Structure formats: C-alpha cells, structure tokens
Amino acid sequence: MKKKTTLSWVLYDFGNSAFATTVMAAILPVFYYDVAAVGANQELAASFWGYSQSIAVLIVAILAPILGAISDYSAAKKKFLRFFAYMGMIASILLAFVGEGDYIFASLLLIVGTVGFSGGNVFYDAFLPEIAKEKEIDKVSAAGFAWGYIGGGILLAINILMILKHDWFGIPNATAASQIAFVTVGVWWFIFSLPLFRNIQEEKKHTEKRERSYVAIGFSRVSSTFKDLKHYKQLLIFLLAFWLYNDGISTIIKMATIYGRDIGIDGNSLIIALLITQFVGIPCTFFFGWLAKKITAKKALVLSLYVYTGIVLIGYFMSSALHFYLLAICVGIVQGGAQSLSRSIYGRMVPEHKHAEFFGFYGISSKFAAIFGPFLFGLVGQLTGSSRNGIISLLVFFIGGIILLKFVNVEKGMADAKKQTPASLEVGVTLK
C-alpha cells in the first residue's frame with residue numbers, strides 16, 4: 001500500500017508537469033510572442049508576459065497560506081487539490097481558442113492556469129510528509145521531480161513533433177498545432193491525477209471541533225503561524241533564503257523562452273532547448289538526491305545555486321541558439337535538484353501536526369517571492385529597452401539566497417520541529 005500511495009503521488013507530478021513545460025516554459029511563451037501579441041507593441045511582449053506571471057503568483061500567494069490552514073483544519077487537502085487541478089486543466093484547454101491579437105485573453109488564461117497549477121501544488125506538497133518516512137523524504141521528493149521531468153518531457157516531445165511536423169498529423173499549420181498542444185496538457189494532467197485522487201487518503205491525527213467558519217479559522221491560523229515562526233528560527237531563515245533564490249529559479253523557468261525569442265533566437269530552437277532541459281534533468285535530479293547523502297542536502301543545494309549564478313551571467317551575453325542549448329543543459333543539471341532539496345529540507349523542519357499549514361507558508365514563500373522576479377525582469381527590460389538588463393538583475397536573488405543559507409542549521413531546525421508547544425497545537429481549535 002505504501003508503494004502504491006507513493007507511486008500515485010509521484011504520478012501527479014508526472015501529469016501536472018506538462019503545464020510547467022508546455023504552457024509556462026516552452027510553447028505558450030513563443031505562441032504568446034508570435035501569435036497572441038500580434039497587433040500589440042511587440043517590443044513589450046516580454047514585459048507583458050512578465051507582468052502576467054507576477055499577477056498570477058500574487059493571487060496564489062494570497063490564497064496559499066489561507067487554503068493551507070483551512071485544509072489542515074478540515075482534512076480536505078485532496079478536495080482542494082482536485083479543485084485547483086481542474087482549474088488548471090480547463091484553462092489549458094481553453095488556450096486553444098487564443099488567436100492573433102488575443103494577448104489579454106492569453107494572459108487571463110495563463111493567470112487562471114497558473115493559479116490552478118500552483119495552488120494545487122500547495123496541497124500536493126503537503127502530502128509529502130504523510131506518505132514518506134523521514135529517512136525517505138529526500139528520495140521520494142527527488143522521485144517526484146524526476147518523474148515530473150519525464151512526464152512533462154514526454155508530452156513536450158510529442159507536442160514539439162506535432163508543431164515541427166504538423167503535416168504528419170494532418171494539422172494545417174504550426175499555430176493550430178500549438179493550440180492542440182494546449183488541449184493535450186489538460187487531458188494529460190487529468191489522466192495522471194486519477195491515481196492520487198483514488199489511492200491517497202489523508203491522515204487525521206486528531207479530531208478537531210470547528211466553532212467558527214473555515215475562512216475565519218484560516219485567517220486566524222495564518223496570523224498565528226506568522227507569530228509561531230519565532231519558535232522556529234532556522235525554518236524562518238530558510239524560508240527567507242528560499243524566498244530569494246526560488247524567485248530567481250522560477251523567473252528563469254518562466255522568462256527564459258520569451259527572453260530568447262526577444263533577443264532573436266528562433267522559436268523552434270527555444271522549444272527544443274527546453275526539451276533538452278527536461279531530459280537532462282531526469283538523471284541529474286536523482287544525482288542531487290545521491291549527492292545530498294554524501295555532502296548534506298544544504299551543501300548540495302548551495303552548489304546548485306552557484307551554478308545558477310553562472311547561468312545568469314552567461315545568459316546576459318547569450319547571442320545564438322547554441323548558447324541557449326548550453327544554458328538549457330546547465331539549467332537541467334541543477335533545476336530539479338535545487339527544487340527537490342528545498343522541499344525535503346523544508347519538510348524536515350516543519351512542525352508536527354501542521355503539515356498543510358506550514359506547507360502553505362512554503363507556498364507563500366515561493367509565490368510571494370515569485371512576484372518580484374518576473375516583475376523586475378519586465379520592468380528593467382521596459383525601462384532600459386533591453387531584456388538583457390532584465391536577466392542580469394536576477395543575480396541579486398541567487399547571491400542573497402546563498403548568503404542566507406549560510407546561517408541555516410538544518411539539524412537544529414529539525415529539533416525545533418519536534419517540540420509540541422501549545423501555540424503549535426491549539427490555534428483556534430478544540431482538540432479531543
């Protein structure tokens with residue numbers, strides 16, 4: 001049963017990663033620049049894309065801790081996960097109806113889809129400490145990301161073939177093929193979500209008597225959790241570091257393709273490069289899981305951030321498709337490792353009985369932070385007239401994150417997590 005639940009959890013990542021690859025990273029950015037933004041100011045297409053990403057993550061950031069607290073109280077993580085997943089699936093399918101000049105419609109669907117994708121991941125991540133033992137959490141977390149690379153990569157490969165060789169499939173042109181690709185994302189995501197919805201049952205370690213509305217309890221617990229963080233100093237420092245460096249990582253994921261398009265690299269090369277990232281990431285994610293055991297997860301994470309710093313510097317001088325391919329390989333080497341190690345380090349330091357609530361904070365850390373990267377990229381690019389200046393501005397996120405991580409003591413954070421203070425257990429609820 002444990003293997004079945006773990007596999008079901010991993011398969012959700014296998015399915016929903018198609019949204020991250022096809023919609024967020026590869027095909028939609030090119031489609032947005034070449035089709036949806038036609039008739040608008042083409043020079044500002046990259047900035048519009050960045051602003052759309054910022055709006056999306058702002059909405060998720062506001063919702064994440066509230067929904068996390070409510071789901072933890074009501075034991076409804078799976079219900080909320082299903083709701084947000086369906087939201088993302090439907091938005092993906094509706095992207096098929098975006099045509100020339102429909103950049104506002106495309107931005108709205110991107111926002112709705114991102115809210116569904118990211119909101120669902122708050123609850124998906126909160127299942128990790130329930131399905132994996134402490135000694136297995138790095139391995140399971142890495143498996144989720146690795147299989148996410150596989151699932152997202154397989155569908156992206158199919159979609160790339162469909163776009164490049166659309167006549168093989170009886171599709172009239174690349175635009176129509178891209179629109180069909182968006183539909184496949186929603187279908188793929190749905191199919192591989194079914195095992196989780198069917199096989200994973202939530203743990204309910206204590207019975208809670210609700211005396212107020214879920215919304216009132218949610219806001220109360222958000223406020224209380226902010227106050228609670230003073231009892232978890234190492235967790236707080238890690239969150240601040242994660243806030244910074246994850247903003248840089250997420251901005252690279254979301255802006256790399258449209259940045260490449262803006263500096264003159266052809267769309268097909270950009271999409272193929274993102275496919276390279278996916279399949280390089282599969283073994284490298286497992287490698288970082290192995291490396292964490294050899295040198296500790298924190299040291300492996302810091303190493304990945306040094307690589308990201310180099311990626312930003314090289315990206316500033318990038319001028320050809322070959323350069324983009326090389327950077328895609330570098331990103332593939334560290335992307336999954338950085339994300340999976342972040343999740344597992346955080347999972348170790350999360351206090352007892354508050355998995356969903358504190359993973360809501362994990363969500364808010366990543367989502368609120370992720371507002372600023374795309375916005376800064378878009379703003380700097382718009383003000384200076386060059387998206388190259390936007391990419392170099394991301395250095396501040398990686399350097400700041402590395403510095404803060406130096407002050408994180410994971411072992412002490414784990415010890416703090418085991419303390420069961422009244423503030424950790426009796427916030428706005430009655431326990432039996």
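Rings of Phe, Tyr and Trp, the last represented by its six-membered ring, count as a pair if their centres lie within 6.5 Å. In this predicted model, the structure holds 26 aromatic pairs, and a search of the whole structure finds 4 salt bridges. The points below take up some of these contacts, together with two places where a charged side chain lies over a ring.

**Aromatic pairs**

- One of the 26 aromatic pairs is formed by W188 and F192, whose rings are tilted, with 5.0 Å from centre to centre and 50° between the planes.
- Both W188 and F192 belong to helix α7 (residues 174–199), where they are 4 residues apart, or about one turn of the helix.
- W188 is buried, with a relative accessible area of 16%, while F192 is partly exposed, with a relative accessible area of 22%.
- Y316 and F317 make an edge-to-face pair, with 4.9 Å between the ring centres and 90° between the planes.
- Within that pair, Y316 is partly exposed at a relative accessible area of 27%, whereas F317 is exposed at 62%.
- W188 and F192 also take part in a cluster, in which ring pairs link them with F14 and W147.

**Charged side chains over rings**

- K77 lies over the face of F127, at 5.2 Å from the ring centre.
- R82 has its charged end over the ring of F197, 4.6 Å from the centre of that ring.

**Salt bridges**

- K77, the residue that lies over F127, also forms a salt bridge with E130, in which the closest N and O atoms are 2.9 Å apart.
- This salt bridge links distant parts of the chain, since K77 is in helix α3 (residues 77–94) and E130 is in helix α5 (residues 128–131), 53 residues apart.
- K77 is buried, with a relative accessible area of 2%, and E130 is buried as well, with a relative accessible area of 10%.
- D125 and R343 meet through their side chains in a salt bridge of 2.9 Å, N to O.
- Because D125 lies in helix α4 (residues 103–126) and R343 in helix α12 (residues 321–349), the pair ties together parts that are 218 residues apart in sequence.
- D125 is buried at a relative accessible area of 10%, and R343 is buried at 3%.
- D416 and K412 form a salt bridge with their closest N and O atoms 3.9 Å apart, and the two residues are separated by about one helical turn because they are 4 residues apart in helix α16 (residues 410–417).
- D416 counts as buried at 7% relative accessibility, whereas K412 is partly exposed, with a relative accessible area of 43%.

Conventions: Residues are numbered from 1 along each chain as its sequence is written. This is a predicted model: local features need pLDDT of at least 70, side-chain atom pairs count only at pLDDT 80 or more; totals for chains, interfaces and linings use all residues. Side-chain values use heavy atoms; hydrogens and water are left out. Rings of Phe, Tyr and Trp (its six-membered ring) pair if their centres lie within 6.5 Å; planes under 30 degrees apart count as stacked, over 60 as edge-to-face and the rest as tilted. Buried means under 20% relative accessible area, exposed over 50%, partly exposed in between (1.4 Å probe, protein chains only). A charge sits over a ring if NZ of Lys or CZ of Arg is within 6 Å of the ring centre and within 35 degrees of the ring normal.
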